[in-house]
Amino acid sequence: MFKLPNLPYDHSALEPHIDAKTMEIHHGKHHNGYVSKLNAAIEGTNLANKSIEELCADAGKHGAAVRNNGGGHFNHSLFWEVMSPEGGAMSPELNAAIASAFGSMEELKTQFSAAAGTRFGSGWAWLVVHDGNLVVCSTPNQDNPLMDVADVKGTPILGLDVWEHAYYLNYQNRRPDYVSAFWNVINWTKVSELFAAAV
Ligand code: MN
């Protein structure tokens, strides 16, 4: 059975960029709900022993409950890890890969922010490793680039939740302000680790 992971920092640690109340509800209620519903969907089935990555990889075959809640569990687990109040240093390897793929950090930020801003309704923006290269994309709902149903497939190394539940208390309708604030709390050390593991 899957478990809700602990947050690697206090609810208030990402303030003022992400407020404590949002973190409390987002982690304790929303993410917890995905975990509970995922467990209910796989309990007693032949999916019960699969990893979350395996469940995502075949999401299109497993029905809506596994796709939505399995995606929700994977996506939020990654999201908490790629944020930190300290930020963290980027590896030279990731820095070089960003320069190669996008030309500059500023261009990555522009493309990622556009992906987050133009995803209509609920979804996620991603930086993924696809065939050894860095690519920006977005997915609807709780889909992710590990999924067989994704338009752009790859290994996510950075993800941003753009569901209204992720920002509405503090930012209301101002999604672009939330997306912009996210860049202050990215844990580049963790993103660098995920990049190294993916290439
Ligand atoms: Mn969320």
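**Close-up views of a predicted manganese-bound chain**

**View 1. Residue T118 belongs to helix α6, which covers residues 105-118.** The model shown here and in the other views is predicted. With a relative accessible area of 64%, T118 is exposed, because a residue counts as exposed when this value is over 50%. A second residue to find in this view is P176, which is 58 residues from T118 in sequence. In space, the C-alpha atoms of T118 and P176 are 9.8 Å apart.

**View 2. A manganese ion is held by four protein donors, H26, H76, D161 and H165.** Each of the histidines H26, H76 and H165 donates through its NE2 atom, while D161 donates through OD. The distances from these donors to the manganese ion run from 1.9 to 2.1 Å. Along the chain, the donors of the ion follow the spacing H-x49-H-x84-D-x3-H.

**View 3. The donors H76 and D161 link distant parts of the chain.** H76 is found in helix α4, which spans residues 64-81, and D161 is found in strand β3, which spans residues 155-161. The two residues are 85 residues apart. Are these donors buried or exposed? H76 has 0% relative accessibility and therefore counts as buried, the limit being under 20%. D161 likewise counts as buried, because its relative accessibility is 0%.

**View 4. The secondary structure of the chain consists of 9 helices and 3 strands.** Read from the N terminus, the order of the elements is α-α-α-α-α-α-β-β-β-α-α-α. Helix α4, the location of H76, and helix α6, the location of T118, can both be traced in this view. Among contacts between residues at least 6 apart in sequence, 68% join residues at least 24 apart.

**View 5. The C-alpha atoms of the chain fill a box of roughly 50 × 40 × 30 Å along the principal axes.** Why does the radius of gyration agree with that of a compact globule? A compact globule of 199 residues would have a radius of gyration near 16 Å, and the chain has 16 Å, so the two agree.

**View 6. The accessible surface of the chain comes to about 9200 Å².** Carbon and sulfur atoms account for 49% of this surface. Of the 199 residues, 45% count as buried. The chain carries 13 positive and 21 negative charges, and the mean positions of these two sets are 7 Å apart.

Definitions and conventions: Residues are numbered from 1 along each chain as its sequence is written. This is a predicted model: local features need pLDDT of at least 70, side-chain atom pairs count only at pLDDT 80 or more; totals for chains, interfaces and linings use all residues. Side-chain values use heavy atoms; hydrogens and water are left out. Helices (H or I, at least four residues) and strands (E, at least two) are DSSP runs, numbered from the N terminus. The radius of gyration is taken over C-alpha atoms; the globule rule is 2.2 Å times the number of residues to the power 0.38. Buried means under 20% relative accessible area, exposed over 50%, partly exposed in between (1.4 Å probe, protein chains only). Contact means heavy atoms within 4.5 Å. Accessible areas come from the Shrake-Rupley method with a 1.4 Å probe; for residues, only the protein chains shown count as cover. Lys and Arg count as positive and Asp and Glu as negative; His and the chain ends are not counted. The place of a charge is taken as NZ of Lys, CZ of Arg, CG of Asp or CD of Glu. Donors are N, O and S atoms within 2.8 Å of the metal (3.2 Å for Na, K and Ca); water is not among the atoms, so sites may look incomplete.
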